[in-house]
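This report goes through the strand pairing, helix packing, nonpolar cores and cysteines of one chain, followed by two backbone details. The structure comes next.

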Amino acid sequence: MIEVFAVDSPQERSGLCERVLRALPAWFGIEESLMNYVGDVAGLPFFAARLDEREAGFVAIKEHTRWAAELCVMGVLPWAHRKGVGRALVERCEQACCEMGKEFLTVKTLADTHPDEGYAGTRRFYLAMGFRPLEVFPTLWDEANPCMLMVKIIC
């Protein structure tokens, strides 16, 4: 059974974020970026997931405008992939954003102009969750990692 719940402690948010992201080096292998996420989530709305009473993943939300928020970082431990944890986290994120009065939820991921197979799966997941590509920013992160902005109408 999947349980998704809010995490109130900044230290617990950062700790869970670091544990999960370090288990996902194919997606979060840049140390500076990983540590930025670890620091950032301490002050953001944050939900954790358990699957069968085991720590399974998390999602953090960043508010941008009165109308939009971003799913700024999400990770699911490898043993819990393809078991509904990511879907449950995104759905809880959407619910929280609607409760905050947001109409749009965005997410940034590696653009489809990059050949990485792991991120191809990530994009398929977000498409299946109803997100749509909005724009590609070829140099937002750096030239080797083009950023795709995806958006979903949630409320």
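A68 stands opposite F104 in β5. The strands β4 and β5 pair in the parallel sense, over three bridges; two strands count as paired if DSSP finds at least two bridges between them. Helices (H or I, at least four residues) and strands (E, at least two) are DSSP runs, numbered from the N terminus. The model is a predicted one, in which local features need pLDDT of at least 70 and side-chain atom pairs count only at pLDDT 80 or more, while totals for chains, interfaces and linings use all residues. Residues are numbered from 1 along each chain as its sequence is written, and side-chain values use heavy atoms, with hydrogens and water left out.

**Sheet and helices**

Seven strands make up an open sheet with mixed pairing, in the order β1-β2-β3-β4-β5-β7-β6. Its edge strands, β1 (2–6) and β6 (132–142), each pair on one side only. On average, neighbouring strands of this sheet are turned by 25° against each other, direction ignored. For such angles, axes are lines fitted to C-alpha atoms, for helices over the stretch in contact, and the values run from 0 to 180 degrees between N-to-C directions.

Helix α1 (residues 10–22) lies across β2, β3 and β4 and runs at about 115° to β3. Helix α3 packs on the sheet as well, touching β1, β2, β3, β4, β5 and β7, and its direction makes about 155° with that of β4. Contact here means heavy atoms within 4.5 Å.

**Nonpolar cores**

A nonpolar core is a set of buried Ala, Val, Leu, Ile, Met, Phe, Trp, Tyr and Cys residues joined through side-chain atoms within 4.5 Å. Buried means under 20% relative accessible area, exposed over 50%, and partly exposed in between (1.4 Å probe, protein chains only). The largest core has 26 residues, and L71, V85, L105 and F131 have the most contacts inside it. At least two residues of this core come from each of β2 (46–51), β3 (54–63), β4 (68–76), α3 (85–99), β5 (104–110) and β7 (145–153). The most is given by α3, with six residues. Leaving aside residues up to four places away in sequence, L105 touches A69, E70, L71, C93, E94, C97, F131, M150, V151, K152 and I154. A second, separate core of 18 residues includes V7, L34, V41 and L77.

**Cysteines**

With a disulfide taken as a pair of cysteine sulfur atoms within 2.5 Å, the count comes to one. This disulfide joins C98 and C155, whose sulfur atoms are 1.7 Å apart. The torsion about their S-S bond is about -135°, so the disulfide is left-handed. Because C98 lies in helix α3 and C155 in the segment after β7, the pair ties together parts that are 57 residues apart in sequence. C98 is partly exposed, at 29% relative accessible area.

C72 is in no disulfide; the nearest cysteine sulfur, that of C17, is 8.5 Å away. C72 counts as buried at 15% relative accessibility. The sulfur of C93 is 4.4 Å from the closest cysteine sulfur, in C97, which is too far for a bond. C93 is buried, with a relative accessible area of 0%.

**Positive phi**

Two residues other than glycine with positive phi are listed below.

| Residue | Phi | Loop | Relative accessible area |
|---|---|---|---|
| E53 | near 70° | between β2 and β3 | 77%, exposed |
| R82 | about 65° | between β4 and α3 | 86%, exposed |
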